[in-house]
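Trainee: I'd like to practise reading a sheet from its strands. Could you walk me through one?

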Amino acid sequence: MKLSEIKEILPTLENVEFQLENGTFVPEHFHVTEVGQINKNFIDCGGTIKNEKVVNFQLWNANDFEHRLKPTKLLNIIKLSEEKLGIEDAEIEVEYQSDTIGKYDLDFNGKTFVLKSKTTACLANDACGIPAEKQKIKLSALNNACTPNSGCC
């Protein structure tokens, strides 16, 4: 989800709710402690220089159980971040603490924001030396397959 999308969704909501893909909700007393832009410049294993830009939201739970972040408050934080930091309209990455700080993509299911698990991948498959997975076929599907007593073997 891009920053422009969450800015369109927030005014339509009464509450801001986040949940993990497994259905577990982020406790409703969470705080958004950071909104920023992360610029990542790197070289992949094939030697290609890459640039990645994401808008980062950090969620944090405190012991103030009466705290509730309202959509207008989050929208104001986003607008302030755009104004003061020059944040661009990029994909949102959410940091959320579980066993360690996890990074998630963001989606919306019509009611709540969903933290979608991210995975790693090789960005230069042709340079990694990892063989491409061979296509599996059934020998019986071959038109010229030999059968017992056919004389082809």
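Trainee: In what order do the 6 strands of the open sheet come?

Mentor: Bear in mind that this is a predicted model. As a general idea, strands in a sheet pair through backbone hydrogen bonds, in either a parallel or an antiparallel way. Here the order is S1-S6-S5-S4-S3-S2, and the pairing is mixed.

Trainee: Which strands stand at the edges?

Mentor: Those are S1 (18–20) and S2 (30–43). Each has a single partner strand, so one side of each is left without a neighbour in the sheet. From one strand to the next, the twist averages 40 degrees.

Trainee: Okay, how do S1 and S6 run, and how many bridges join them?

Mentor: They run parallel, with 3 bridges joining S1 to S6 (residues 113–117). To see the register, find Phe-18, which is opposite Phe-113 in S6; Gln-19 faces Val-114 of S6 in the pairing.

Trainee: And in what sense do S5 and S6 pair?

Mentor: Antiparallel, with 5 bridges between S6 and S5 (residues 101–108). Leu-106, for instance, has Leu-115 in S6 as its bridge partner. The hairpin of S5 and S6 has 4 residues between the strands, and Gly-110 there takes a positive phi near 100 degrees.

Trainee: Which strands does helix H2 lie across?

Mentor: H2 (residues 71–85) lies across S2 and S3 (49–61), and its direction is at about 40 degrees to S2. When you look at faces, remember that side chains in a regular strand alternate between the two faces of the sheet.

Conventions
Residues numbered from 1 in each chain as written. Predicted model: local features only at pLDDT ≥ 70, side-chain atom pairs only at ≥ 80, totals over all residues. Heavy atoms only, no water. Pairing = 2+ DSSP bridges. Helix = DSSP H or I, 4+ residues; strand = E, 2+ residues; numbered from the N terminus. Axes fitted to C-alpha atoms, helices over the stretch in contact; angles between N-to-C directions. Contact = heavy atoms within 4.5 Å.
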